[in-house]
Amino acid sequence: MKNSVACVILGKSPQTKNKILIAHRVQVGEMGGRWELPGGKVDDNESDRDAIVREMLEEFGESVLVGEQIASSSFERKGMTNTLRAYEVFFSNDGLEKPFALTEHTEYKWVDFDNIPTDNFVDSDLKILPSVKKFIEKNYEGQ
């Protein structure tokens, strides 16, 4: 079984408040050219939290704080069971004034949750979006 993590990064600045960060993958591999919640694979002997910190540093050039686990789902890819766990993640920078240093994505944007482009979003992330929405509604709406 393979494990992956997805980062639910909610905006805090006036320009990004009540928005979620999504990223557009480079045109490489099976999921290339699609939108996703940032994240990646959990290496052997690595915790989810360590994987998130490593992935966000590698992919965005950002140090992050990892909050609570929000959701989890399983899916099949190439005959193998994969588990995806989503976590609340905090960036110190919103990527607007000081752009992120992208290595695995061509662009990123802050979107209203209901405007996530489901027609070109990675399938595994689509499975956890209902749980992510419930988490956002419970913890962030009205703030």
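**View 1. Half of the chain is tucked away: buried residues make up 50% of its 143 residues.** Here "buried" means under 20% relative accessible area, with exposed being over 50% and partly exposed in between (1.4 Å probe, protein chains only). Keep in mind that this is a predicted model, where local features need pLDDT of at least 70, side-chain atom pairs count only at pLDDT 80 or more, and totals for chains, interfaces and linings use all residues. Residues are numbered from 1 along each chain as its sequence is written, and side-chain values use heavy atoms, leaving out hydrogens and water.

**View 2. The whole chain fits the rule for a compact globule.** For 143 residues that rule predicts a radius of gyration near 15 Å, and the chain's 14 Å agrees. The radius is taken over C-alpha atoms, and the rule is 2.2 Å times the number of residues to the power 0.38. The C-alpha trace spans about 45 × 30 × 30 Å along its principal axes.

**View 3. Two helices and seven strands make up the elements of the chain.** From the N terminus on, they run β-β-β-β-α-β-β-β-α. Both kinds are DSSP runs numbered from the N terminus: helices are H or I with at least four residues, strands are E with at least two.

**View 4. Four strands line up as an open sheet in the order 4-1-6-5, with mixed pairing.** Strand 4 (39–41) and strand 5 (64–77) sit at the edges, each pairing on one side only. From one strand to the next, the twist averages 20 degrees. Strands count as paired if DSSP finds at least two bridges between them. Strand 5 and strand 6 (residues 80–91) run antiparallel, joined by eleven bridges. One to look for: Val64 has Phe91 in strand 6 as its bridge partner.

**View 5. Both helices meet strands of that four-strand sheet.** Helix 1 (residues 48–60) packs on the sheet and touches strand 1 (2–9), strand 4, strand 5 and strand 6, at about 95 degrees to strand 5. Helix 2 (residues 123–139) lies across strand 1, strand 5 and strand 6, running at about 135 degrees to strand 5. Contact means heavy atoms within 4.5 Å. Axes are lines fitted to C-alpha atoms, for helices over the stretch in contact, and angles between N-to-C directions run from 0 to 180 degrees.

**View 6. An open sheet of three strands has the order 3-2-7 and antiparallel pairing.** Its edges are strand 3 (35–36) and strand 7 (105–111), each pairing on one side only. Six bridges link strand 2 (residues 20–25) to strand 7 in the antiparallel sense. In strand 7, Glu107 is the bridge partner of His24.
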